[in-house]
Amino acid sequence: KEGGGPRPTAGQKVTVHCTGYLPDGSKFWSTKDEGQSVFSFNIGLGQVIRGWDEGVMTMAEGEHATLTVTSDYGYGDRGFPAWRIPGGATLRFDIELLSIA
């Protein structure tokens, strides 16, 4: 779904809703799950995986997008065991860009 707002630039704080899926399609994390909340970060500064930094930068405020993130733009060969993400995994993220500050 297209957004009607501006696109973020490096250094701005963005707030998103996000759901992440493993290669088998199972969900490993969502800001919409009980006890979770929206996620904020300063874009373009390496605070998140490269796939998010580059992918969210192309989104407009209010946009819903699906990002497919290969391991070299995600968690690499080591994966992220705390979230059951195996090394070398290609992940899918459903992201809604809520706000830019």
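Trp52 has plenty of company in this predicted model: leaving aside its neighbours within four places in sequence, Trp52 is in contact with Val16, Cys18, Trp29, Phe39, Phe41, Met57, Phe93 and Ile95. Trp52 also belongs to the largest nonpolar core, a set of 23 residues, where it is listed with Val56, Phe93 and Ile95 as having the most contacts inside the core. Two of those core residues, Phe93 and Ile95, thus turn up again among the contacts of Trp52 itself.

Who else feeds this core? At least two residues each come from β1 (13-21), β2 (27-30), α1 (50-57), β4 (64-69) and β5 (91-100). The biggest giver is β5, which puts in five residues.

The helix deserves a look of its own. Buried residues in α1 are Gly51, Trp52, Asp53, Gly55 and Val56, so the list takes in an acidic side chain and two glycines alongside Trp52 and Val56. As for what they pack against, the buried residues of α1 meet β1, β2, β3 (39-42), β4 and β5. In general, an α-helix has 3.6 residues a turn, so residues three or four places apart point the same way.

Stepping back to the whole chain, the protein is built from one helix and five strands, and these run β-β-β-α-β-β from the N terminus on. The radius of gyration is 13 Å, close to the 13 Å that the globule rule gives for 101 residues, so the protein is as compact as a globular protein of that length. Taken along the principal axes, the C-alpha atoms fill a box of roughly 35 × 30 × 20 Å. As for contacts between residues at least 6 apart in sequence, 63% of them join residues at least 24 apart.

Then there is the inside and the outside. Of the 101 residues, 39% count as buried. The exposed surface comes to about 5600 Å², with carbon and sulfur atoms supplying 48% of it. On the charge side, the protein carries 9 positive and 12 negative side chains, and the centres of the two sets lie 2 Å apart.

One backbone detail is left, and it sits in the loop between β4 and β5, where Arg84 is found. Arg84 has a positive phi of about 65 degrees, although it is not a glycine.

Technical notes. Residues numbered from 1 in each chain as written. Predicted model: local features only at pLDDT ≥ 70, side-chain atom pairs only at ≥ 80, totals over all residues. Heavy atoms only, no water. Helix = DSSP H or I, 4+ residues; strand = E, 2+ residues; numbered from the N terminus. Rg over C-alpha atoms; globule rule 2.2 N^0.38 Å. Buried < 20%, exposed > 50% of the residue type's maximum accessible area, 1.4 Å probe, protein only. Contact = heavy atoms within 4.5 Å. Areas by Shrake-Rupley, 256 points an atom, 1.4 Å probe, with all protein chains shown as cover. Lys, Arg positive; Asp, Glu negative; His and termini not counted. Charge placed at Lys NZ, Arg CZ, Asp CG, Glu CD. Core = buried A, V, L, I, M, F, W, Y, C linked by side-chain atoms within 4.5 Å.
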